[in-house]
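User: Could you take a close look at the salt bridges in this model for me? I would like to know which side chains pair up and where they sit in the fold.

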Amino acid sequence: MKNVQQVDLSEEIQAGLKELLSEDSKSYLIPAPDDKAERTRLHKTIATFSTSLSTETVKEGEAGFIKVTIKSKKFRGNRDNGFDDDSKFLHFTMLKWNIGTSDAIMRLANVMNINPRNMSYAGLKDKRGITSQRVSCKMLEPKRLTGLNKTFFNANPAGGKEVVYEKNFITGNFTFAKAPLKLGDVSGNKFCIALRECDSTTADNLAKLRTMLLEKGFINYFGLQRFGNAGNTNVIGRLILKKDYKSAIETILTANDNHKPDVVASLKHFKETGNANESFGKLKYKKLIEGNVLSALCKEPTNFKGALKSLHHKQQTLYAHAYQSYIWNKTVSKRIQKYGTQVLAGDLVSQDGDVKNVRQILETELSSASFCDVVLPLPGFDIKLPENECKTFLEEALQEDDMSLEDFGGPLGKEFDVGGAYRNLIYKPSEFSTEVVQYSEENEKLVATDLDNVLKISFQPAGVGEKVAIVCRFMLPKSCYATMLLREISKGRI
């Protein structure tokens, strides 16, 4: 980049800038030179006058001015590029479509040329849907994201906005905070889902459906998305817990139908040749999970443990959590198959609504106990087990995989310590509503989305056609899967 020659500031301008700094006035206007190069030099000179000043060229009527303002305190000073202790983390909403949370974070980091380890989120959102969630990033200015958003839209002939869908996400609603988001930092999720080609849509059936869900709830299984697009994150988690790092890496670097063509080509080349450098070079986006692993193997081809540690800590723990979820699902299936919703002596229940604080049910309490309060542990090194056959079910599920609770004690050190948790066997939604919508085309849009709101598009379904859909709206707590609720209500009831 060429150096830009500075200009001398007049005494009048210097006095105005000093007054702005001393009184924290809103702004100070300087007549802008007609020549662009002169304006650039003036911007540069003001920036060197004080690092607390920000400039922009503006129009006031027909005249042009350089508007000088005081920078937000979030960006003053030199430490950590100007971010103070109260504003080191930018929190923002990410609206995405046709892409999973992890891939969206990796792609955003790649486009912005930032370390994905600096970004965090409270939970994963589905790939197949239009979803909104909060994300945090260390020491990131909002203008970098707002500038990026401009590349996500094209003006259409009607003068509105048309989405460039290849980009898959946009950002907004910026705030600053002292701390980043962590997994679980969310109270719940709101859903609007359309079920197409329904068999029966009478008002009576829908009323019965709503009553069934609100009164009986549904089995609180972990949904398939817990196990990744390829359905194998639980397999990777088990391999890591067994310290078989080489097999874990080979599984991560196995191509599947959900991968982009360049990723498929890269992973197939690695499987055939074992050459991480050549395989890494075939990736279009380098900051993917597969890219991070290949990059680590480029430096140390046989350090498979190190390749795993190259991944974001959240991604590392997600693999182990997926295996915990897999074992939990198997244990619950055996329990429900044999005992249904019967409460058993020795079952664990949460105390005072705190699922982390559990105790065993006594024989004398069975008559007053509710199955809604029964929890089952996810395997880990610090859990309390039920004192009944459910303990056997869990231990047998682990033994079938040549695993035991001792395997959850942190094979990679603190990065992979896998503590247990407790999860309710069933969940009753607090609210659930349905709406019947008629349509004709297979892929016809049926509901307004957050993307419509961003684009200021008013949408109403046509509501005509021979086909019938049920639009379901409901709220669920964190780590409770909408797919499991939908699985329950679609068992021939609609």
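Analyst: Happy to. A good place to begin is the pair Glu 400 and Lys 334, which form a salt bridge with their closest N and O atoms 3.5 Å apart. This pair links distant parts of the chain: Glu 400 sits in the loop between H13 and S15, while Lys 334 belongs to helix H12 (residues 313–339), 66 residues away. Please keep in mind that the model is a predicted one.

Lys 334 has a relative accessible area of 23%, so the residue counts as partly exposed. Glu 400 and Lys 334 also have company, since a network of salt bridges links them with Lys 330 and Glu 396.

The loop that holds Glu 400 comes up again in another pair. Asp 402 forms a salt bridge with Lys 242, and here the closest N and O atoms are 4.0 Å apart. Lys 242 lies in the loop between helix H6 (233–241) and helix H7 (245–252), and Asp 402 in the loop between helix H13 (389–399) and strand S15 (421–424), so this salt bridge ties together parts that are 160 residues apart in sequence. The two partners fall into separate accessibility classes: Lys 242 is partly exposed at 31% relative accessibility, whereas Asp 402 is exposed, with a relative accessible area of 53%. The dividing value is 50%, and exposed means over it.

A further pair to look at is Arg 359 with Glu 365, whose side chains meet in a salt bridge at 3.1 Å from N to O. Arg 359 is partly exposed, with a relative accessibility of 31%, and Glu 365 is partly exposed too, at 23%. These pairs are among the 14 salt bridges counted in the model.

Helix H12, which carries Lys 334, also turns up at a cavity. A search of the whole structure gives 1 cavity of 30 Å³ or more, and the largest cavity has a volume of about 90 Å³. Helix H3 (101–112), strand S5 (119–121) and H12 are the elements that each give two or more residues to its lining. The biggest share comes from H3, with 3 residues. Among the lining residues are Ser 102, Ile 105, Met 106, Tyr 121, Lys 314 and Gln 315. By class, the lining of this cavity is made up of 5 nonpolar, 3 polar and 1 charged residues.

Notes. Residues are numbered from 1 along each chain as its sequence is written. This is a predicted model: local features need pLDDT of at least 70, side-chain atom pairs count only at pLDDT 80 or more; totals for chains, interfaces and linings use all residues. Side-chain values use heavy atoms; hydrogens and water are left out. Helices (H or I, at least four residues) and strands (E, at least two) are DSSP runs, numbered from the N terminus. Buried means under 20% relative accessible area, exposed over 50%, partly exposed in between (1.4 Å probe, protein chains only). On a 1 Å grid over the protein atoms alone, a cavity is a set of points where a 1.4 Å probe fits but cannot get out, and a pocket is an open set with protein on both sides within 12 Å along at least five of seven lines; lining residues have an atom within 4 Å of a point. Grid points are joined across faces, edges and corners, and a volume is the space filled by probe spheres set on the points. Ala, Val, Leu, Ile, Met, Phe, Trp, Tyr, Cys and Pro count as nonpolar, Asp, Glu, Lys and Arg as charged, and the others, Gly among them, as polar.
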